[in-house]
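Trainee: I should be grateful for a close look at a single part of this chain. Please take one element and set out its surroundings.

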Amino acid sequence: MAVYLDALKNSDLTLCPVGQNAESYRIYEAMAMGSVPVIELSDPTGSCQQLAKTHYLIPLGKSPRLPPMDGVVQGPYRMLKAFRAPVIFINSWAELPAILSQEQRMTVQEKVERRRYLLQWYSDFRETLSQSFLHSVDLMAERQ
């Protein structure tokens, strides 16, 4: 696991192809290490395929440090989209060469700033979700 996390720490981008389910731990592990996930926008083939196409209202409080979220988000990656995660979504892996070309043109300082922003965004995202969960638990306890 340490080798994997070191690889993420040393990577500017992390490729996240869709698999049996749309979202994977890789996306969140990459963000935790400051590596920008490149996420394939494709329908999953596993048991979450139908669930991923459902509309959900995301009842989360607003975070002062996260971009304003959209209330109703459809499909896979709805949490990332709702909170405007600093990730790269692609429709096809044929788009990857253009992304890599852009990466080559970025300065080291730009990459460092992007990494700092991603790490702060992810920290705020986790805190917001944690607070929302605790708030939901408190509301459920009050109803009983």
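Trainee: Are the two faces of S2 covered or open, and which residues lie on each side?

Mentor: Both faces of S2 are covered in this predicted model. Val36, Val38 and Glu40 lie on one side, Pro37 and Ile39 lie on the other, and all of them are buried. The strand spans residues 36-40, and five of its five residues are buried. For comparison with the chain as a whole, buried residues make up 33% of its 144 residues. Here, a residue is called buried if its relative accessible area is under 20%.

The pairing of S2 may be considered next. S1, residues 13-16, runs parallel to S2 and is joined to it by four bridges. Within this pairing, Thr14 has Pro37 as its bridge partner in S2. S2 also pairs with S5, residues 88-90, again in the parallel sense, and three bridges connect these two strands. In that pairing, Ile39 stands opposite Phe89 of S5. Pro37 and Ile39, which share one side of S2, thus appear in the two pairings: Pro37 with Thr14, and Ile39 with Phe89.

S2 also belongs to a right-handed β-α-β unit, together with S1 and helix H2, residues 25-32.

As for the wider setting, the chain contains six helices and five strands, and its elements follow the order α-β-α-β-α-β-β-α-β-α-α from the N terminus. Of the contacts between residues at least 6 apart in sequence, 61% join residues at least 24 apart. The accessible surface of the chain is about 9,100 Å², and carbon and sulfur atoms account for 57% of it.

Notes: Residues numbered from 1 in each chain as written. Predicted model: local features only at pLDDT ≥ 70, side-chain atom pairs only at ≥ 80, totals over all residues. Heavy atoms only, no water. Buried < 20%, exposed > 50% of the residue type's maximum accessible area, 1.4 Å probe, protein only. Pairing = 2+ DSSP bridges. Right-handed = clockwise from strand over helix to strand, strands pointing away. Contact = heavy atoms within 4.5 Å. Areas by Shrake-Rupley, 256 points an atom, 1.4 Å probe, with all protein chains shown as cover.
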